[in-house]
Amino acid sequence: IDALYAFSDCEISISPNACIIEADKPLFTSVNEMLKINTNDTVRLLKMELDIKLAELHEQWHYSSLEKIFIENKIYIDFDGKTYDEAIEVTHKLLKPHIKHLLREVTNDDVIRLLEIKMRRITKHDGDKADTYINSLEDQIAEVKEKLDNLIEYAIEYFKNLKTKYGKGKEIGRA
């Protein structure tokens with residue numbers, strides 16, 4: 001039996017080489033190193049995703065706050081006999097005292113969007129609902145910032161949830 005192993009393929013050691021493409025070139029690496037690379041890439045992608053979500057939430061918060069200021073301070077009333085360009089200029093001027101707490105400057109696009117609000121929506125405006133919505137956005141912003149501050153823990157939870165989301169009971173049906 002010793003001779004069988006010594007002179008046949010039964011005793012050949014196998015060392016698996018993993019090959020990945022990195023920077024458009026093949027890279028031979030260990031499985032552990034491959035997992036590290038993929039994990040770091042996933043963490044980077046999760047961070048990008050959270051940054052995008054945070055930017056979207058900031059925009060929603062900004063516009064919702066701006067809309068609330070526009071309606072509650074009745075800025076839309078002073079447009080009688082004005083051209084569209086004059087209305088934009090007047091809106092900028094009338095918003096100035098109310099926008100100190102906003103995260104960014106008010107742009108012409110913001111003002112144009114405000115001027116396109118239908119009168120029906122203005123008359124149905126509910127300040128309490130607007131405050132509730134803005135507070136919910138602030139809670140979501142805080143949640144996303146917390147995830148960004150604890151990115152590694154968030155990534156670990158993401159990986160753990162993959163098994164739950166795509167694991168048992170999610171098998172592909174066979175014909």
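User: Happy to dig in! The expected span of a helix is 1.5 Å times one less than its number of residues. In this predicted model, how far apart are the end C-alpha atoms of helix 2?

Analyst: Good place to start. Helix 2 covers residues 31–72, which makes 42 residues. At 1.5 Å a residue it should span 62 Å. The distance between its end C-alpha atoms agrees with that, at 60 Å.

User: Which helix supplies the largest share of the largest nonpolar core?

Analyst: That core has 32 residues, and L66, F70, L95, I99, V106 and L114 have the most contacts inside it. Helices 2, 3, 4, 6 and 7 each supply at least two residues. The largest share, 11 residues, comes from helix 2.

User: Is S65 buried or exposed?

Analyst: S65 sits in helix 2. Leaving out residues up to four places away in sequence, it touches H101, L102 and I134. Buried means under 20% relative accessible area. Because its relative accessibility is 5%, S65 counts as buried.

User: What does L66 touch, not counting residues up to four places away in sequence?

Analyst: L66 is one of the residues with the most contacts inside the largest nonpolar core. Its partners, on that count, are L95, I99, L102, V106, D110 and L114.

User: What is the radius of gyration of the protein chain, against the globule rule?

Analyst: The chain has 7 helices and 2 strands, in the order α-β-β-α-α-α-α-α-α from the N terminus. For 175 residues the globule rule gives 16 Å, and the chain's value is well over that, so it is more spread out than a compact globule. The C-alpha trace spans about 105 × 40 × 35 Å along its principal axes. The radius of gyration is 29 Å.

Note on methods: Residues are numbered from 1 along each chain as its sequence is written. This is a predicted model: local features need pLDDT of at least 70, side-chain atom pairs count only at pLDDT 80 or more; totals for chains, interfaces and linings use all residues. Side-chain values use heavy atoms; hydrogens and water are left out. Helices (H or I, at least four residues) and strands (E, at least two) are DSSP runs, numbered from the N terminus. A nonpolar core is a set of buried Ala, Val, Leu, Ile, Met, Phe, Trp, Tyr and Cys residues joined through side-chain atoms within 4.5 Å. Buried means under 20% relative accessible area, exposed over 50%, partly exposed in between (1.4 Å probe, protein chains only). Contact means heavy atoms within 4.5 Å. The radius of gyration is taken over C-alpha atoms; the globule rule is 2.2 Å times the number of residues to the power 0.38.
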